[in-house]
Amino acid sequence: MAEAAAGIRARFGFGGEAKTAVPLAEVEVRAPRLKAPEAFGDLFTADKYERVSRAMGKAYRDVVRGFYGRFENPPDLVARPRDRSEVETVLSWAEAEGAAVIPFGGGTSVVGGVEPRLGDRPVVTLDLRRIDRLVEVDPTSLAARIEAGATGPRLEEQLRGHGLTMRCYPQSFEYATLGGWIATRAGGHFATKETHVDDLVELVRAVTPRGSWESRRLPGSGAGPSPDRMLLGSEGILGVITDAWVRVRPRPEWKAAATVRFERFGDACEAIREIVQAGLDPANCRLLEAAEAEMTGAGDGKSHLLLLAFESSHHPVDAPLAIALAAAKDHRGIADEPRYTAPLTGRKIKQGLRNRPTNEEGAPKGDDSAADSWRGAFFLAPYLRDTFVACGVLSETFETAMTWDRLEEFHATVMETARRAVAEVTGTAGEGRGAPLVTCRFTHAYPDGVAPYFTVLAPAIRGGEVEQWDEIKAAVSEALIDGGGTITHHHAVGRDHRPWYDRQRPGPFAAALRAAKAELDPAAILNPGVLLDP
């Protein structure tokens, strides 16, 4: 931690001496308001660690409160079912006891989706991670039935034995579960085309307080509103997702990638728009603003970087990469040397250097590409948050989506709002070393728009981090909604986004959703306060 603190100060010019988190032994939590029923064996537990570790998600404000040992809303009991019948048991028992039930996967929510902020009402957190098997594979249709508690690595490990992959890699991949992805409409690996888990779901099975929910597995259907679409994004308020049929694919063997540098941000935006509107469908088409590229070690802060990648399990993808690079060049982009992976060699090869030695990971030796640097920083970011909190650094993100015709003004407004809010709350401003950082990248791109993702790094006021963040969060969220964007592109609504989600959705739809919940969950036991009030 001491070394990390010194490195952070050297890199950003702020961040103080590292402090130590309050140990679990010193954490005080309220006594359980429910008694674990002995009739169900080890299905329920009131163990302190089990309760505390499921009391919050992984937002900055959650990590801060956990660091200081402030667990205001721990569940009273944690239930860990081993199969669908035990899920039914938990729901039935909880309803009889007047308790709420919060479905829990990896606990990676960054929007308050798993925190029991329910006042005096007792709560059972329903942890589904024991239900994690690959149940069935349909190699002909390229689909698999997987239980909802499977984490990303567990899911991919089981599919790998069949030569298949789901290719859904959210940033929370290591801990988040399939059921959590579906319940929150998580964004996955692909930056274009199949960007959300929505695009990979064939059928969802769930348990509701009033019976089982299961649709029919089909490639498509026009038979009324889709039962599966209704569960996608439902965030646990309609039923507990237990398993799903999802689309899978052979593991990709052909890959082609390149990094393109732009002097002007607007030129990079125009290049992306041409690429996605041409129907090239790159697997990766992410734009890093110059400051974002520098912060993650992918660039020197002088150029905006476009990370392009194509992949296929069936055929070479050199041609679409060449077309995309030509489009980028037309918009004054300068491409680095492309990198290729061929199935015969199983290694990355650079154009004109096909006999170049490779390292253990298959990349050409000495190939420190911007894409590899950014990818490493991307997957490391959630784990750095604990270190930032310990070192007195405020860090968090906002994400949204906007159409191309309004993007320029929208981007400028949100960036300015974030900078102004950070300056007011932290008392620091300006540019250069020691100044707060507000950066942007595009995570997903569509023919009609993009998903901008904003990152904030600033000096924190020790002991006032949550209040600081709440002010910044409110200011930026107002800018997102007032500018016509969405309060979330792939982070879900939870409890933190509720005020702005209520303004975004149509009133008649909200009434219809309330009616559906009242029918399925008349006692309002399932995740009250998320999407709807009880």
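Two strands count as paired if DSSP finds at least two bridges between them. Keep that in mind for the exercises below, and remember that you're looking at a predicted model.

**Exercise 1. Work out which strands pair with strand 14, and how covered strand 14 is.**

Step 1. Take strand 13, residues 284–288. Five bridges join strand 13 to strand 14, and the cut-off is at least two, so the two strands pair. They run antiparallel.

Step 2. Pick out one facing couple here: Leu288 sits opposite Leu305 of strand 14.

Step 3. Now try strand 12 (residues 254–262). Nine bridges link strand 12 with strand 14, again antiparallel. Here Ala256 faces Phe310 of strand 14.

Step 4. Check the cover. Strand 14 spans residues 304–312, and eight of its nine residues are buried, making the strand mostly covered.

**Exercise 2. Trace the five-stranded open sheet and find its edges.**

Step 1. Read off the order: 5-6-10-8-9, with antiparallel pairing.

Step 2. Look for strands that pair on one side only. Those are strand 5 (134–138) and strand 9 (211–214), the edge strands.

Step 3. See how the neighbours are turned. On average, neighbouring strands of this sheet are rotated by 10° against each other, ignoring direction.

Step 4. Zoom in on one pairing. Strand 6 (residues 143–147) and strand 10 (residues 240–247) share five bridges in the antiparallel sense. Arg145 has Trp245 in strand 10 as its bridge partner.

Step 5. Stay with Trp245 for a moment. The charged end of Arg217 sits over the Trp245 ring, 3.9 Å from the ring centre.

**Exercise 3. Do the four-stranded open sheet, then place helix 4.**

Step 1. The order is 1-2-4-3, and the pairing is mixed.

Step 2. Strand 1 (44–45) and strand 3 (100–104) are the edges, each pairing on one side only.

Step 3. Find a parallel pairing. Strand 3 and strand 4 (residues 123–127) run parallel and are joined by five bridges. Phe104 stands across from Asp127 in strand 4.

Step 4. Bring in helix 4. This helix lies across strand 1, strand 2 (77–79), strand 3 and strand 4, at about 175° to strand 4.

Step 5. Look back at the sheet of Exercise 2. Helix 4 (residues 84–97) also lies across strand 8 (201–208), strand 9 and strand 10, running at about 45° to strand 8.

**Exercise 4. Describe two stacked aromatic pairs and say what one of them ties together.**

Step 1. Start with the tally: a search of the whole structure turns up nine aromatic pairs.

Step 2. Phe12 and Phe14 are one stacked pair, with 5.9 Å centre to centre and 20° between the planes. Why stacked? Because planes under 30 degrees apart count that way.

Step 3. Check burial. Phe12 has a relative accessible area of 11% and Phe14 one of 6%. Buried means under 20%, so Phe12 and Phe14 are buried.

Step 4. Next, Phe398 and Trp469 are stacked too: 5.1 Å between centres, 25° between planes. Phe398 belongs to strand 18 (residues 393–399) and Trp469 to helix 13 (residues 465–482), so this pair ties together parts that are 71 residues apart in sequence. Phe398 and Trp469 are both buried.

Step 5. Return to Phe12 and Phe14: together with Phe388, they form one aromatic cluster.

**Exercise 5. Find what helix 3 packs against.**

Step 1. Helix 3 covers residues 60–67, and seven of its eight residues are buried. Among them are Tyr60, Val63, Val64 and Phe67.

Step 2. Those buried residues pack against helix 11 (370–390), strand 18 and helix 13.

Step 3. Peek just past helix 3, where Gly69 takes a positive phi of about 75°.

**Exercise 6. Describe the surroundings of Arg505.**

Step 1. Locate Arg505: it's in the loop between helix 14 (498–504) and helix 15 (507–520).

Step 2. Buried or exposed? Its relative accessible area is 10%, so Arg505 is buried.

Step 3. List the polar partners. The Arg505 side chain makes a polar contact of 3.1 Å with the side chain of Asp502. A polar atom of the Arg505 side chain also lies 2.7 Å from the backbone oxygen of Leu531.

Step 4. Add the contacts beyond four places in sequence: Ala510, Arg514, Leu531 and Leu532.

Technical notes. Residues numbered from 1 in each chain as written. Predicted model: local features only at pLDDT ≥ 70, side-chain atom pairs only at ≥ 80, totals over all residues. Heavy atoms only, no water. Buried < 20%, exposed > 50% of the residue type's maximum accessible area, 1.4 Å probe, protein only. Polar contact = N/O pair within 3.5 Å; in protein donor to acceptor, adjacent residues only side chain to side chain. Contact = heavy atoms within 4.5 Å. Axes fitted to C-alpha atoms, helices over the stretch in contact; angles between N-to-C directions. Phe/Tyr/Trp six-rings, centres within 6.5 Å; stacked < 30°, edge-to-face > 60°. Lys NZ or Arg CZ within 6 Å of the ring centre and 35° of its normal.
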